[in-house]
Each structure stands twice: as C-alpha cells, then as structure tokens.
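Work through the three exercises below with the structure open. Each has a task, then a solution in steps.

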Amino acid sequence: MEASLTARDRVGIQDFVLLDPYTSETAFLENLKKRFHENLIYTYIGTLLVSVNPYKDFDIYSKKQMDIYMGVNFFELPPHIYALADNVFRTMLSEFNNHFILISGESGAGKTEASKKILQFYAVSCPSTKLLNNVRDRLLLSNPVLEAFGNAKTLKNDNSSRFGKYMDIQFDHQGGAVGGHVLSYLLEKSRVVHQNHGERNFHIFYQLVEGGEEDLLRWLGLERNCQHYRYLVQGDCAKVSSINDKSDWRTVRKALSVIEFSENDIEQLFGIIASVLHLGNIKFEANERGYASLNNNNQEMNWVSKLLGIPTQVLQQGLTHRKIEAKAEEVFSPFSVDHAVYARDALAKAIYGRTFNWLVNKINESLVNKDSSRKTVIGLLDIYGFEVFNVNSFEQFCINYCNEKLQQLFIQLTLKSEQEEYEMEGIEWESVPFFNNKIICDLVEEKHRGIISLLDEECLRPGEATDLTFLEKMEEKIAGHPHFVTHKLADQKTRKTLDRGDFRLLHYAGEVTYCVVGFLDKNNDLLYRNGKEVMRQSKNAIIKLCFPSTEPDSKRRPETVVTQFKSSLVGLTEILMSKEPWYVRCIKPNEAKQPGRFDDVLVRHQVKYLGLMEHLRVRRAGFAYRRKYEIFLQRYKALCPDTWPNWKGTAAEGVHCLVKHMGYTPDEYKMGRTKIFIRHPKTLFATEDAFQVCKHRLATRIQAKYKGYRVKGDYLRQREAATKIETCWRGMLARKERDKRSWAVKVIQKFIKGFMTRNQAVSVDNIEYLAYVRQNYLTRLKDNLPKTVLEKDSWLTSPPIMQEAAQLLKKLYIRLMVRKYVRGITPQRKAQLLLKAQTSSMFKGKKESYPSSVGRPFMDTRIGAEDISIKVLQMIRHEQIKYSVPVVKYDRNGFRPRFRQLILTKEAAYLVEETKIKQRMDYISLKGVSVSNLSDNFLILHVTCDDMKQKGDLVLQSDYLFEALTKLSLIANKQNSIKVVQGSVRFDIQPGREGFVDFKSGQESMVYRAKNGHLMVESTKTKSR
C-alpha cells in the first residue's frame, strides 16, 4: 500500500484511513471519484473494502490475478476483493476460528457479483481433490440456481436479489472446502403475482418459457410466449436485452444435475413452476348470486390439477369457497370474485414461497459435510441494501429495518475490534463519538410500543382493521418520537411533503417515507385453511413436503411476516456475533448503469446510509496507520544509516532508532507491543516521500556497482570460454581426420582380401566382400524382375554364392505373380475358366479340334428365350432351362440333315423343331455320348431304347460342340459318359436295328451317305498348337 502513496495526487489514496481531512464527506467523495475515473474500483477503509460498480468488464479477475493475491500481505498489493478473500482465508487457517464477510449495498451496486468473485477465488485457491472439487462445483453452481428462483429484474437492477442470503462455507484443517449451508431471508413472494411497470417476475419463469425443451413445454402445457401468462406481463417487459433466458436455462439445468437433483425432482419442480403460471391464468366470473365461479374454459384448471396431482373438483372448491368451522360443524362459504382472486394469488405465493424453501433445503442436503470433526467456517452475507423509492411499501420497511440492525451490529463489531487491537498492543483507548441507531431499532422492534408490535396487534385484532387504522394507532402510540412523523403529526411545512396515508422514519441513512397501503395484507400473507388442505391432497412429492399433513393446523393465526422476519434477524445476529467480521460495501455510481459516470448526489447518499463515514471516524479515532515492526523496518530502513543495510538488533529497537533519526515527535506515534502506530497521515506521507528520494539515490549507486561487476564478470567468462572452445575445436578436428583415414585404410584392405578369396569358404577375410556381392546382386535384381509369368526365364544371372538363394527367390517370385494373377480374376472369368478346365479334362489330347476351341469363350446359352417357341416354353415351363444350342440333326434312316434346337433343362434334354418337341431324353436314360477324335463337330447321344415305339440314338452336328458337351456333362452329371472314339461309331436306330457313323480325315470337310449305307463324316486335319 505504501508504494502507491507516490501516485496519490493522480489516483487518490487507496486506504481512506490515510485521508487527511477524514471528517470531510466531500474529500471522501473526491478520493472515491478520482479512483473511479482511473478504473480503480476498490478502496480500503482499514480492512473494510469499498467497491464501486464500474458497469463494464475489467481484466482483473483472471486466474493470474488470483495467483498474484494468494498468500500475500493484505496491504502489500492494491485493494482487491481477492485480497480481502485471501486475508479472511489465511486468518481463519492460522487462528482456527470462524469468520463472515458482510456484503451490502443497494440494488445494482454489485453485491451478487462480489459474492460470486469470492466463491470463485476460494474454488481456485483451496486444495483440490476429487471430493473437494465435487463440493466446490456444488457451491459455485448453487448460485445460478438460487439466482434463477430468487432474483428478478427491477427498475434499478436487471439481476436484483429479492431475498437475503447467508452462505456458510465449511473448511477442514488444511483449508479444503468440505461443505456449506445456505440461509434465506424474506423472499419477496408478492412479486409472483404482481410486478411494477418496468419489472419482471422471478427469472425462472421466463427461462422455462423461453429456454425449455419442446417436449418439456408440451408436458407442462406451456406455450413459448410469455405474453400468454398474466403473472409474467404486468411489468410490460418480459424480454430484456441484457438477459439471455435461453442461455441461463441451460446453466440452471446443468447446475441442478451437478447439485444432485434427480430427474424426478427436476420434473416435479418445473411442474410446480408451470402450475403457478396456469394458476395465474384462471379467471373468475360472478354468478347470478354474485359469488365467484369459474368460466366455461377450465383448461388452465385442468393443467393445474394434472401438474399438482389434485382432483379438479377439490381444486375448484378450494379456489371458490372458504371453509368455516362453527363448533362441530364445517361450512363452506362461497367467495366473491375479489376474494377468489385474493385466494388464488395467496395460493400461488404460498406454493412458490414454500417451493423456494424446499429448494434451499435441497441445496443444503447436497452441501452437507458428513465428517463430524471440527470445521472452520467463512460466511457470506449477501443481503438487500437500504432502499428508498418514490413509493416505499412493506418490503422496503422490512429491508430498511434489517439494515438498521446490521448497521448497529457493524458499529458494535468495528468498535470492538479497534478496542481489542489497542488493548492488545498496550495503547490507551480513546472513546469515539458516533451516531448510535439503537433509538431507531427500538422504535421499530420495541415490545408493545414498537411499529412491529403495533402492526401485529392491528393484524390480529377482531373487527375491521385497515391500513389507516394501523396508521392511527401509530400516531396514538408513537407521537412525539423524534424519528417518526405522519401527515397528522407534522408541522405545516413538512405536511406538504406527506400524503394522509404516509408515515416517515428518520433512519441512520436519512429520511424514508412509507405508504401504509398494503401493510396489513402483506404482513398477514394469509392462506385460507382449506387452501392448505387442498395442497395436502397433491400427488406431487415436493408439494407434499411443502404442505405436510403433520403441519399444525390450529385455529390460531400463524405468525405474521414481520414477526418471522424479526425472529430470523435475531438468529442471524447471533450467528454473526459468533464470528469475526469482514465487510464489503458496494456502491452504485449512477442510476443509468453507464460506465465512467459518477453521480455525486447518488454516491453521497449511499456513503451516508452505508455508514462509511462512521466507520472511518472509528478507524481514525486514534491512529491512522499501524504496521508490524518487521514490515515497517524492512521498507524504511534505508532512511537511517544505522539501520541500513542490515539491522542487528530486534525489529522494535530498529524502528525506534529509525523514527528518532526521522525526527518524529512523541505525539505523532506510539510504540505498541508488535506494531508502530502513526497518528497523522501527513507523517506517513513525509516518510514515504523521503523513502522515494532515497530509493532513487540508492538505486543509482547499486546499478552502477552492479553493472561494473556484471561487465567485468562477463568479460572474464567470455575470455575463458573462448580459449576452451578453441582448444577443444582444434583437438576435435585432428581426431576426426585421423579416424577418417584409419577407417578408409581398413575398408580398402578388407575389399581387396575379399575379392581375392571370393571363391573360397566364408571366412573373416571375405565375409564383408561377400555381403557386398549379395547386396549388389539383390539391388540389381530388384530393378530387373520379370514383369509377367511368361517372362519367368528372363532371370538375372546370379554370382556363384547366390545361386541357391536366386533359385528360391525365383520360385517365390513366380508364385507371387501367379497368386496376383489368380486374385485378379473376376467371378465371371473364374466360372469361364472352370468350364474350360472341365472341357480340358475331357478332350485335351484326345480330339484334334480341341486346341482351336480353347480361345473361344463359352456362353450361358446360344439361343435366347425370345427365339424359343412360346408353345414349347409353356410345355416345359415346370422345368428350368439351363442351356440351349442350335444343332443339325441327321435322320436315322436316310441321314437327311434337319435344323433343330437342343434345349437342356434341369431334368432332361429336348430336341425341338420350331413349335414341336421332337424328342425328350431324360438324363437317366442317357447312356452316353460319343464323339470322334478328329476335327469334326459331330456327337451321338446314346439313349436307352427298350420299346419299339421309342426313338433311338441321336446323331447331331453342332458348331459349339465343346461348349454343348461341357454344359451337358455338368447339368446331367455325365462327365464319365462322354467317349472319344476312333474310326466309326455304332448307334441304335430302334430296338434290333443299328447304324454306323464313320469318321476319316480328308482334304475338305464333307458329310455324305457311303455306299455301305453308313454316314461318312470327312474332316480336314488341323495343325496342333
């Protein structure tokens, strides 16, 4: 902190305690404004942190900034919220006691953001394990959930907390965050059913409608349009440019999962939120008797019934009738329309308020620390600041009462801590004059005479109690109090500023005028008894917990809202009194939320009601500056020759010697047990200015000495290094040259010996040469390998030592080429080759014309289905045609040639003449097939012929002889029945008669009947390939 004093004229003083005219509010504001315009938003008052909302982003919250402030003395670095958080954390660990940080300020001043920054700092700075990270994530993600359900847009702030929140963070002895607990105060339930112009309902409603998944909205009966819901449009600003409801919805859904909300919990929770929206859309009409009844459209009622699991009739009666118990009888009295609307809104507020309490309890269950060992705690109190609006109602009264109590506690704890420090250091304590706001607290909370007691009396008394009768009672009981005035009690001048239904309180922060309209109604916050009974019939698990059947249902009226709030404040005060206090005071620089704009009037008002001047007066009552002896001596020892550069004695003696040399007078300082106390800031400023002058002089001398030392040292090191490098380099070059020559000699010798003994057995002399020969041969072979299987004889001649290996390589390579060829064959090509292989097995080397047929591919058939008579196809339709081929059939008796079709089916062979089947041959009756060994294309089909009526063997001629016979052999499975014969073939004309076909070679191909009656087939002789 002391280092920044030199720039105090430009950026102001970073600790108000050092402000010389500390009683001047103008000087206070001027310092705050100066720092604000230099983008310095944090300033100390001792250990209290003042934070001014800049309304823009600064790069001062990064992980790097957190690391800078971790473990550093509080005043060593510029003011920052991380410095306060770190100091609290380290103090808690060292003293093993509990602390709390009170964050206060008006709506929009940045309280919620300050709370987030502290939580984020602890998330990064605390020890990390899987379990601790789990707790850390839940602590961090509880914030967006509570903000969604408890924050709303107001005229002053787009993310205003509409409830008070106190969060305990529990730490183990090593500083790990192991648990937490949240307390909530005074949720503004009236916002559920009514919003002022320019304001919104709680964020969660808009997040659900805008960001909810289509299936979820369909299940909840909601439409993606906020304008359709009465509870969301009263403020006429459902959409706000600075709020992204869809993105916030995703954040809330993720947070609920991390905090261990089950899918069933989430489903039922959003069912309740949707039911509140549907409830707000229920409308009432007056029937002929003037009582409330539901209009014909009961769709909204049905949705509420479905989502809450309450029978429609029960829900309808609960909204239109009131249950009255008279002695032993129960009577249901119908509501008027106004009463029905009140009952509906009261039910909506009760459902939401109790659901919010359930949500807080659920979060606490997930944060609970199961380890029973003692833990230390840091509490974060983020609570509404002092509020002054154009029209101030019951909520502002409660909030400002809370601030009065906290201000009272604040002054008490500040005075206490100051007094304890003085006593601990052995310095006489001087009493401090300050405004004691006990008189205001008593005015509000005193029994029987305070405003709270009078309000409760008026709410509970029988008869027609109204807001105005409450005002009259206050005028009767509190008249003459210096901090209370009404229109009736005021003087003529003041009366002009008050309406007849107003009363004014003079708070510690200034005057606030309250309008009594709605005080009784909001304080009662009544939910009719049968409304609770209706809710107890719900099948929604959360509603069952919120409206338990075990809840006492006495005929006595429940505690009023203000009494409950007063009790919770007493509990909060007890919690805070048991812990060490730290403070963050948040200030809003302007109402328009504009960066760089500083509204003096607005800030002056906040400085007043935040009690900053009172706090400063307490801190400056005695001494403005105090530091431990060690720190003070370490910084300023250069100002005294006796303490520079090193002091041999104790730190206290060194400081005493130093201040004597500086000429401090006895009234300017006091020596405590561990600290020096300096009364006036000007004394410290003079010391710091002297130190800055001395520092520059010392720095110049130290620089000169150090530079000379560095230059001389560098020169000596460079000279020594250069000598060493030269020596090493020369030696390395010489060794390199020697090794190179030696290697060359050995290589040449080995090569010559190897060449000379190359044909001898492998030995030490020729092993490397032979290896070279092998390598050289393999390298040449790689570039001269045969390209196809047909070039297998063009293999590179090998040296003697490689002959055996060359043969093996040749075989392997040929097998590789063959394998590549085989793998490259298509399925169609493979089928063709299989047929050719079958033909080869039957005719290769047996029939002269076979070699010429090898190159001709086989076809699936030689006659298309369109070329076969339809009549024939119908006759053989039950059989599958496998193959068909045109043939010439020779008559058995005259050997007259006739053109026919040979059709092979799955079961038989058919000889067809145009539209007639001339002969059918079952494959079973096919005894064999005969062909000659010459180059003709004749085949004789031998069939079994037992009957005279049966036709005999067939003599056929086909241009596709080999194809037809191969197909026939495969279809009929007659591979072994095909015979290749020489000379002549005998065939049966009919039983008992036979004929012959003679085969011979000639000059030309001829077919004729010989003189001996045989069929003569003469064919030319083909050249063998």
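pLDDT is the predictor's confidence in each residue, from 0 to 100. The protein chain averages a pLDDT of 84, and 94% of the residues score at least 70. Over residues 1-6 the pLDDT is below 50, yet this stretch has 21 contacts (heavy atoms within 4.5 Å) in the model beyond near neighbours in sequence.

This model is predicted: local features need pLDDT of at least 70, side-chain atom pairs count only at pLDDT 80 or more, and totals for chains, interfaces and linings use all residues. Residues are numbered from 1 along each chain as its sequence is written, and side-chain values use heavy atoms, with hydrogens and water left out.

**Exercise 1.** Place R191 and list its contacts.

- Step 1. Find the loop between β7 (177-185) and α7 (203-211); R191 lies there.
- Step 2. Check burial. R191 is buried (under 20% relative accessible area) because its relative accessibility is 3%.
- Step 3. Look beyond four places in sequence. R191 touches A152, K153, T154, R162, E199, R200, N201 and F202.

**Exercise 2.** Is A109 buried or exposed?

- Step 1. Locate A109 in the loop between β3 (99-104) and α5 (111-125).
- Step 2. Its relative accessible area is 1%, so A109 is buried.
- Step 3. Skip neighbours within four places. A109 contacts N53, C586, I587 and K588.

**Exercise 3.** Which residues does G110 contact?

- Step 1. G110 lies in the loop between β3 and α5.
- Step 2. At 22% relative accessible area, G110 is partly exposed (from 20% to 50%).
- Step 3. Leaving aside neighbours within four places in sequence, G110 is in contact with N53 and C586.

Terms used:
Helices (H or I, at least four residues) and strands (E, at least two) are DSSP runs, numbered from the N terminus. Buried means under 20% relative accessible area, exposed over 50%, partly exposed in between (1.4 Å probe, protein chains only).
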